[in-house]
Structure formats: C-alpha cells, structure tokens
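I set aside some time to go through this structure and to note down what I looked up, entry by entry. The sequence and the model come first, and my notes follow.

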Amino acid sequence: QAIRNTTLGETVTVSGLLMGRDVVRQLAEVPLGDLVALPAVMFRGPNETTLDGMTRDEIEAALGRPVVLVETIGDLVPALASPMADD
C-alpha cells in the first residue's frame, strides 16, 4: 500500500521521511492483512521512533496488527514466514 507523505508533501517519496501518523491514518482506511511491514529506515529517530515520534509499538496498537520492520524487500519473505505472521 503506497503511503502519501502528507506532512512533508506528496512529492517527498523517501521512506525514511514518512511520518508514523501518515502511515496510521492511511492504513486505517484500507483492509489490512495479518501483519504490516514497514521500512526500518522510518525508525531511525531517537529511541527508534519515526520523525514525528511514533514507536513501532504505537503503530501496532493503532492498527491492531503486528508491525515488522524490513531493510530490503528481500527481508519481507522471512518476515512473512515468521511465527509472528501466524498469530
């Protein structure tokens, strides 16, 4: 699911500049699977937060789904096969 960067502008397409609140707001509007995979680079702020200060736990709670962080698209396959994906 593509996420628009409404905070910094829709022409900003760098995943490290996505805001947690943009992710939560936009994913709340679409059907979700069993888990949500997000780019790990989003969480490079202090204490592993997004630029707007959200943690992975806060995003998980807001979406009601486990969130896995991936560095590359290749990380997605093991994430989907993990026991967390079966919960």
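With which side chain does the side chain of Thr 50 make a polar contact? I noted beforehand that I am working with a predicted model. The partner I found is the side chain of Asp 52, at 2.4 Å.

**Entry: Thr 50 and its surroundings**

I located Thr 50 in the loop between strand 1 and helix 2, and I recorded it as buried because its relative accessibility is 2%, where the cut-off for buried is under 20%. Leaving out residues up to four places away in sequence, I listed Leu 18, Gly 20, Met 42, Phe 43 and Ile 59 as the residues that Thr 50 touches. I then looked up Met 42 from its own side and, with neighbours within four places in sequence set aside, found it in contact with Ser 15, Gly 16, Leu 18, Met 19, Gly 20, Val 23, Thr 49, Thr 50 and Leu 51.

**Entry: salt bridges**

How many salt bridges does a search of the whole structure find? I noted four, and I followed up several of them.

I started with Asp 52, since it had already come up as the polar partner of Thr 50, and found that its side chain meets that of Arg 21 in a salt bridge with an N to O distance of 3.2 Å. Asp 52 sits in the loop between strand 1 and helix 2 whereas Arg 21 belongs to helix 1, so this pair ties together parts that are 31 residues apart in sequence. I recorded Asp 52 as partly exposed at a relative accessible area of 23%, and Arg 21 as partly exposed as well, at 47%.

Next I looked at Arg 25 and Asp 22, whose side chains form a salt bridge at 2.5 Å, N to O. About one helical turn separates these two, because they are three residues apart in helix 1. Is Asp 22 buried or exposed? I found it buried, with a relative accessible area of 0%, while Arg 25 is partly exposed at 43%.

I also checked Glu 10 and Arg 4, whose side chains meet in a salt bridge at 3.9 Å, N to O. Here Glu 10 is exposed, with a relative accessible area of 54%, and Arg 4 is partly exposed at 43%.

**Entry: helix 1 and the core**

I went back to helix 1, which covers residues 20-27, and noted that six of its eight residues are buried. These are Gly 20, Asp 22, Val 23, Val 24, Gln 26 and Leu 27. Against which elements do the buried residues of helix 1 pack? I wrote down strand 1 (36-39) and helix 2 (56-63).

I then turned to the largest nonpolar core, which has 13 residues, and recorded Val 23, Leu 27, Val 36, Leu 38, Met 42, Ile 59 and Leu 63 as the ones that touch the most other members. Helix 1, strand 1 and helix 2 each supply at least two residues of this core, and the largest share, three residues, comes from helix 1. As background, I added that nonpolar side chains in soluble globular proteins tend to be buried together.

From this core I picked Leu 27, a residue of helix 1 that is buried at a relative accessible area of 6%. With neighbours within four places in sequence left aside, Leu 27 is in contact with Gln 1, Ile 3, Leu 32, Val 36 and Leu 63. I noted that Leu 27 and Leu 63 are 36 residues apart in sequence, yet their C-alpha atoms are 7.5 Å apart in space.

**Entry: the surface and two backbone angles**

On the surface I looked up a nonpolar patch of about 340 Å², made by Leu 8, Val 14, Leu 17 and Leu 51. Leu 8 is placed in the segment before helix 1 and is partly exposed, with a relative accessible area of 43%.

Last, I checked backbone angles, keeping in mind that most residues other than glycine have a negative phi. Asn 47 has a positive phi of about 60 degrees, and Glu 48 has a positive phi of about 55 degrees. I placed Asn 47 in the loop between strand 1 and helix 2, and I found Glu 48 in the loop between strand 1 and helix 2 too. I recorded Asn 47 as exposed at 74% relative accessible area and Glu 48 as exposed at 62%.

Technical notes:
Residues are numbered from 1 along each chain as its sequence is written. This is a predicted model: local features need pLDDT of at least 70, side-chain atom pairs count only at pLDDT 80 or more; totals for chains, interfaces and linings use all residues. Side-chain values use heavy atoms; hydrogens and water are left out. Buried means under 20% relative accessible area, exposed over 50%, partly exposed in between (1.4 Å probe, protein chains only). Helices (H or I, at least four residues) and strands (E, at least two) are DSSP runs, numbered from the N terminus. Contact means heavy atoms within 4.5 Å. Patches are made of residues with over 30% relative accessible area and no salt bridge: like charges are joined within 9 Å, nonpolar side chains (Val, Leu, Ile, Met, Phe, Trp, Tyr) within 5 Å. Accessible areas come from the Shrake-Rupley method with a 1.4 Å probe; for residues, only the protein chains shown count as cover. A polar contact is a pair of N or O atoms within 3.5 Å; within protein, one must be able to donate a hydrogen and the other to accept it, and residues adjacent in sequence count only if both atoms are side-chain atoms. A nonpolar core is a set of buried Ala, Val, Leu, Ile, Met, Phe, Trp, Tyr and Cys residues joined through side-chain atoms within 4.5 Å.
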